[in-house]
Every structure is written in C-alpha cells, then in structure tokens.
Amino acid sequence: MAYRIVRVSSRAKLELQMNYLVYRGEKETRIMLDEISVLIIENPQVCITCSLLSELLAHKVRVIICDNRHNPQGELEPLAGCFDAPSKLQKQILWKKETMDAVWQIIVKMKIANQAQCMRIHGSAPDRIEMMENYQSAVGPGDSDNREGQAARVYFLSIFGEGFDRRDQFDSRNGYLNYCYAILLSLINREIAAYGYSNLLGIHHHGPNNEFNLGCDFVEPFRPFVDDFVLSNKLNPDDFKKDLLGALTKECRCGEKTMIIQNAINSYVLSVLAALNNDKPSTILNVGFPDGRVGL
C-alpha cells in the first residue's frame with residue numbers, strides 16, 4: 001500500500017525513470033511510485049514531465065498543486081479510478097436518501113465524539129464536554145437540526161480560546177488547520193476515486209462548485225486528529241508544513257484495530273461505501289482516538 005507523502009518545496013525537475021519519480025534539484029533523489037500516496041508541489045518553479053504525470057495518475061497518486069503562498073490550490077485525479085467506475089456511478093446515483101441520512105448521522109456523531117475526546121485530552125471544562133455529549137446524542141438522521149454546527153462553536157472556543165475565529169486568516173493556527181485538512185481531504189478523495197466512485201455526488205455536501213462533495217462528507221471524523229496535533233506541537237509559522245504531515249502518521253482506532261491514520265482512511269472509506277451500497281449504516285467502522293488518550 002502506498003504510504004509516503006512527498007512534498008517538493010524547492011526548485012527542481014521531476015521526471016519518470018524506470019517506475020521511479022526522479023527529483024533533480026540540488027541533489028538527485030529517487031522514489032518508487034508504488035510508495036507514494038500524495039505528491040505536494042509547493043514551488044511554482046517545479047518542472048514536471050507529462051510522462052511522470054501520466055504514471056502518477058495510473059498509480060492513483062494524488063498530485064496537489066499549491067499557489068504562490070504555498071497553500072493547496074487544486075489536485076489532479078484520474079478520469080476513472082477503477083475498471084468498473086461506470087457501474088459504481090450507477091450504484092451511487094441510486095443510493096437511498098434514508099440510507100444517506102443515516103450514514104451522515106453516524107459520521108456527525110463520530111466527529112462530535114472525537115471532538116469531545118480532543119477536549120478531554122487538552123483539559124477543557126467538564127461542562128463544555130457535557131454539552132458536546134448532549135449534542136452528539138441529539139444528532140438525528142441527516143442532522144437536520146445542525147448539531148454539527150452547534151457543537152463546532154463550543155469545540156473551537158474550548159480548545160483554542162474564547163477569541164478564536166476559524167475565519168481569521170491572520171491567525172497562524174487557522175493556516176495550520178487548513179493546510180493539514182486539505183491534505184487529509186486529498187487522502188480521502190484518493191480512496192473514493194480508487195474504488196470508482198464520483199466525488200461530485202455527496203450524501204450531505206451538495207456544493208455546485210465543489211468537486212469533492214463526497215470527500216467532504218467522509219473526512220469529518222478525522223478532523224479532530226489534526227486539531228489534536230496542532231494543539232500538542234509547537235509549530236513554526238515559517239516552516240510548519242513538513243511537521244504537519246506527521247499528523248497523518250499518528251495512530252487512531254478504526255473498528256477493533258489500532259493503525260496509522262493513512263491506513264485507517266482506506267478501511268473507513270471502504271466501510272462507508274459498503275454501508276451505502278448495502279443499506280447497512282451500522283456496519284461503518286468507528287474511528288476514534290487510540291486507547292489511553294483520555295486526558296492530561
């Protein structure tokens with residue numbers, strides 16, 4: 001299974017040679033394509049050959065292109081993730097609304113549970129944690145009452161302080177979160193495409209200009225792991241991207257197993273897709289913090 005996230009931040013040429021990505025910069029480095037899960041190109045002066053791009057797509061590597069501020073701007077994905085993508089799309093179109101609402105209910109409850117656990121780990125007030133537990137238990141099918149949004153307001157103010165605003169672009173913590181959320185979403189998108197499903201058709205997100213509606217649905221339970229990493233590590237605003245990629249190699253609980261987040265994403269996405277196809281939301285693998293992460 002591909003496991004490496006490759007980040008190119010300096011001027012270089014990237015080309016293909018014997019099933020290897022070859023980096024030619026101040027020094028030459030070779031990486032087997034089979035080992036790469038995501039390639040992040042941060043420097044606009046990076047030159048990449050079309051033959052390499054073609055093989056990266058064939059190996060289902062997510063290629064993320066960053067803007068002049070080194071923030072993720074877009075990504076490349078293959079037109080067909082697997083040989084039976086048309087039949088998968090037909091199944092996806094026929095997913096029942098009742099099943100999609102039940103799946104979204106489980107995803108939101110899982111996300112709020114992980115947010116509450118993150119709050120426990122970082123010493124939030126017991127009454128705030130109790131509020132989160134109440135929100136979690138009140139989530140209904142499709143989360144029609146938007147308990148997710150209500151919980152988010154309590155959550156972010158609890159872990160980052162009363163003055164924290166997720167919309168504040170000048171707060172470096174938002175930069176950390178947004179960058180790692182984008183990489184996390186790309187890993188989710190990679191799995192969805194690899195199984196032949198369309199990211200355009202979400203179960204809750206239906207943005208007309210969002211190419212990754214389904215990925216935005218599936219990613220939610222994993223966000224608190226990023227929040228925990230940002231809270232637990234002293235990051236340098238001028239050089240935080242390499243450190244943040246370490247968040248994706250941390251362990252989490254997926255079903256009955258403990259595994260690194262990158263591997264858990266594969267098992268979790270497959271379980272959600274199976275639940276939607278088989279009308280069995282209860283079979284979704286639960287994703288949570290590993291055993292022992294119960295507080296300061």
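**Strand pairing, a sheet and a pocket in a predicted model**

In this predicted model, strand β9 and strand β11 (residues 287–288) are paired in the antiparallel sense, with two bridges between them.

Reader: Which residue of β11 stands opposite arginine 253?
Author: Strand β9 covers residues 251–254, and its pairing with β11 is antiparallel over two bridges. Within β11, the residue that stands opposite arginine 253 is glycine 288.

Reader: How many bridges join β9 to strand β10?
Author: Strand β10 covers residues 257–260 and runs antiparallel to β9. Arginine 253 stands opposite threonine 258 in β10, while cysteine 254 has lysine 257 as its bridge partner there. The number of bridges that join the two strands is four.

Reader: What is the phi of glycine 255, in the turn of the hairpin formed by β9 and β10?
Author: The hairpin has two residues between its strands, and glycine 255 lies in the turn. The phi of glycine 255 is positive, with a value of about 65°.

Reader: Which side chains along β9 point to one face and are buried?
Author: The side chains alternate along this strand, and Glu251 and Arg253 point to the other face, where they are not buried. Those that point to one face and are buried are Cys252 and Cys254.

Reader: Why is one side of β4 and of β6 left without a neighbour in the sheet?
Author: Four strands form an open sheet with mixed pairing, in the order β4-β3-β2-β6. Because β4 (28–32) and β6 (47–48) stand at the edges, one side of each is left without a neighbour, and each has a single partner strand.

Reader: Which residue in β4 is the bridge partner of arginine 24?
Author: Strand β3 (residues 20–24) pairs with β4 in the antiparallel sense, over five bridges. In β4, the bridge partner of arginine 24 is glutamate 28.

Reader: At what angle to β2 does helix α1 run?
Author: Helix α1, which covers residues 50–58, lies across β2 (13–17), β3 and β6. Its angle to β2 is about 65°.

Reader: Which helix gives the largest share of the lining of the largest pocket?
Author: The largest pocket has a volume of about 600 Å³, and it is lined by 23 residues, with Asn71, Asn174, Gly175, Tyr176 and Asn178 nearest its centre. By class, the lining has eight nonpolar, six polar and nine charged residues. The largest share, eight residues, comes from residues 172–194, that is, from helix α6.

Technical notes. Residues are numbered from 1 along each chain as its sequence is written. This is a predicted model: local features need pLDDT of at least 70, side-chain atom pairs count only at pLDDT 80 or more; totals for chains, interfaces and linings use all residues. Side-chain values use heavy atoms; hydrogens and water are left out. Two strands pair if DSSP finds at least two bridges between them. Contact means heavy atoms within 4.5 Å. Axes are lines fitted to C-alpha atoms, for helices over the stretch in contact, and angles run from 0 to 180 degrees between N-to-C directions. On a 1 Å grid over the protein atoms alone, a cavity is a set of points where a 1.4 Å probe fits but cannot get out, and a pocket is an open set with protein on both sides within 12 Å along at least five of seven lines; lining residues have an atom within 4 Å of a point. Grid points are joined across faces, edges and corners, and a volume is the space filled by probe spheres set on the points. Ala, Val, Leu, Ile, Met, Phe, Trp, Tyr, Cys and Pro count as nonpolar, Asp, Glu, Lys and Arg as charged, and the others, Gly among them, as polar. Buried means under 20% relative accessible area, exposed over 50%, partly exposed in between (1.4 Å probe, protein chains only).
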